[in-house]
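I opened my notebook to go through this structure entry by entry. Here is what I looked up.

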Protein chains: 2
Amino acid sequence: MASMTPARTSPPTDVPQLGLRERKKIKTRTAIRDATYALIEEQGYDATTIEQIADRAEVSPSTVFRYFPTKEDIVLTDEEDALILEELKARPKDEPWTESVRAIMQKAVRLGHEQQPEITRLRAHLMAQVPAVRARMMESMSVASHMLAEGIAERTGRDVDSLEVRVYTMSVVAGLAEISQYWAENDFQDDLSELLDRALDVLANGLTPENT
Amino acid sequence: MASMTPARTSPPTDVPQLGLRERKKIKTRTAIRDATYALIEEQGYDATTIEQIADRAEVSPSTVFRYFPTKEDIVLTDEEDALILEELKARPKDEPWTESVRAIMQKAVRLGHEQQPEITRLRAHLMAQVPAVRARMMESMSVASHMLAEGIAERTGRDVDSLEVRVYTMSVVAGLAEISQYWAENDFQDDLSELLDRALDVLANGLTPENT
DNA sequence: CCCTATTTTGACAGCTACTCTCATTTCATG
DNA sequence: CATGAAATGAGAGTAGCTGTCAAAATAGGG
């Protein structure tokens, strides 16, 4: 039964000594996501209703909403966000934190590209095309921004809630969001990690004559 | 009849030789907005339904949607955006464009503060409190970002669609959005134009040891 | 002033995301 | 296996939003 599961959403989540209940929950969660991705690729985002998703995932619509607060959230997992902060904290303290950010983001990009390239592209595509998804992504970016602010505040000895830190982190995160959109608009032809480097250069140095 | 109009939303819109039709449209538009602001102050955003708005504005719900595509749009007029680009283009060409941006944004802040301080605050408040409004605001910011990009591209001789310009403008716009949120979260105690200056400094110079 | 063409409006039906409640089923544990 | 807890499904309800169509208001000309 498990062997016929098509196209896993997530890399083989560690399945150690979890109770049957937990394992089922994970299964349901990925079933809903997989159904959603498949339907969206077939029909597009707007044409895909929660009812269809529920049908294909073989659960009730109620259950879909129990697992994901909104339709947009189904395609925007965000389980990485928390990890990113951890990685930031795990970086050597003497490293310039701009470089820490660069390393972490590069790693995130690499992982996305290696482990689930189609989904990474689909997400970028949805983000560029569907306003609601883009909006939801921005929201989660805002959350990410606050976590990034923690890390930066810690490194720079500032208050997390200072205007300066908040403005700076928000601008960084928003700038990075723009990469994804750019990437999708240009049909994924560019190398995402190169775009990331260029974006980070702009964020660090502004629009200098040097960068193209 | 015009003299009993309560609390105009917008500064006395020029009422020259517009036909009766046009004048009524403007009236309806402001009636809807005024009703919305009033109801939101009484009950909060979520508790305010389109039906209530329609009732108070003495129009049908259909009409409300004919004037504003979404509920969020009723509180986010955005008529200023187009003006901003014009002002940018009207600036002396030899002025450093970062200063142009600063001057324009300062002017926008000043106008908002002088002409409709309550509404400016209400908007900032809603932006901070209501995710849907914040999201919609971000969307319109994204549009603003593209217009800003035009201006900057023109000044710097770059392509409007270059990654660098897009990342930069988006980060600026998002950074500026953050000051509104900061302002609202701190109960509007700060001077908005001072916050703006600080934010623009951060955006220009990054998190240097100089700025507090 | 009236007649006609056009625009604006209201009433209504319909769809879908999302919430809440409650009974039923499924798993955990002793 | 029995008991308690958690997950699910079914159903009703709300609200934002879309689309259609007929009625009302306005513009413009005779």
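Definition to start: I call it a salt bridge when a side-chain nitrogen of Lys or Arg lies within 4 Å of a carboxyl oxygen of Asp or Glu. With that rule I found eight salt bridges across the interface of chain A and chain B. Over all chains, the structure holds 26 salt bridges.

Ground rules. I worked on a predicted model, where local features need pLDDT of at least 70 and side-chain atom pairs count only at pLDDT 80 or more, while totals for chains, interfaces and linings use all residues. Residues are numbered from 1 along each chain as its sequence is written, chains are lettered from A and ligands numbered from 1 in the order in which they are written, and side-chain values use heavy atoms, with hydrogens and water left out.

**Entry: two salt bridges**

I looked up A:Arg198 and found a salt bridge with B:Glu164, with the closest N and O atoms 2.9 Å apart. Why does this pair join two chains? A:Arg198 sits in helix α10 of chain A and B:Glu164 in helix α9 (residues 163–185) of chain B, so the pair joins two chains. I take helices (H or I, at least four residues) and strands (E, at least two) as DSSP runs, numbered from the N terminus.

I also checked A:Arg166. Its salt bridge partner is B:Glu185, and the closest N and O atoms are 2.8 Å apart.

**Entry: where the protein chains meet**

The size of an interface is often given as the accessible area lost when the parts come together. I used buried area, the accessible area (1.4 Å probe) that two parts lose on being put together, summed over both. Chain A and chain B bury about 3,300 Å² between them. Carbon and sulfur atoms carry 63% of that area. Which residues of chain A lose the most area to chain B? They are A:Leu163, A:Arg166 and A:Leu207, together 21% of what that side buries.

Next I counted contacts, meaning heavy atoms within 4.5 Å. I found 37 residues of chain A in contact with 37 residues of chain B.

Then I counted polar contacts. These are pairs of N or O atoms within 3.5 Å; within protein, one must be able to donate a hydrogen and the other to accept it, and residues adjacent in sequence count only if both atoms are side-chain atoms. Ten residue pairs are in polar contact between chain A and chain B (both at pLDDT 80 or more).

On the side of chain A that touches chain B, α8, α9 (163–185) and α10 (192–205) of chain A each give two or more residues. The largest share, 15 residues, comes from α9(A).

**Entry: helix α8 of chain A**

I looked at α8 (residues 131–156) of chain A, which has 26 residues. From first C-alpha to last, α8 reaches 35 Å, close to the 38 Å expected at 1.5 Å a residue. The expected span is 1.5 Å times one less than the number of residues. Just after α8(A), A:Gly157 takes a positive phi of about 70°.

**Entry: DNA strand C**

I call a residue near a strand if one of its heavy atoms lies within 4 Å of it. By that rule, 20 residues surround DNA strand C, and the closest are A:Leu20, A:Arg21, A:Lys71, B:Lys25 and B:Thr63. Sugar and phosphate make up 64% of the strand C atoms within 4 Å of the protein.

Which side chains reach the bases? The side chain of A:Arg21 has an N or O atom 2.9 Å from a base oxygen of strand C. For B:Arg21, a polar side-chain atom lies 3.3 Å from a base oxygen. For B:Ser62, a polar side-chain atom lies 3.2 Å from a base nitrogen. The largest share of this surface, four residues, comes from α3(B).

**Entry: DNA strand D**

Of the 20 residues around DNA strand D, A:Lys25, A:Thr63, B:Leu20, B:Arg21 and B:Lys71 come nearest. Sugar or phosphate holds 60% of the strand D atoms within 4 Å of the protein, and bases hold the rest. A:Ser62 has a side-chain N or O atom 3.2 Å from a base nitrogen of strand D. A:Tyr67 has a side-chain N or O atom 3.0 Å from a phosphate oxygen. With B:Ile50, a backbone N or O atom lies 3.3 Å from a phosphate oxygen. The largest share of this surface, four residues, comes from α3(A).
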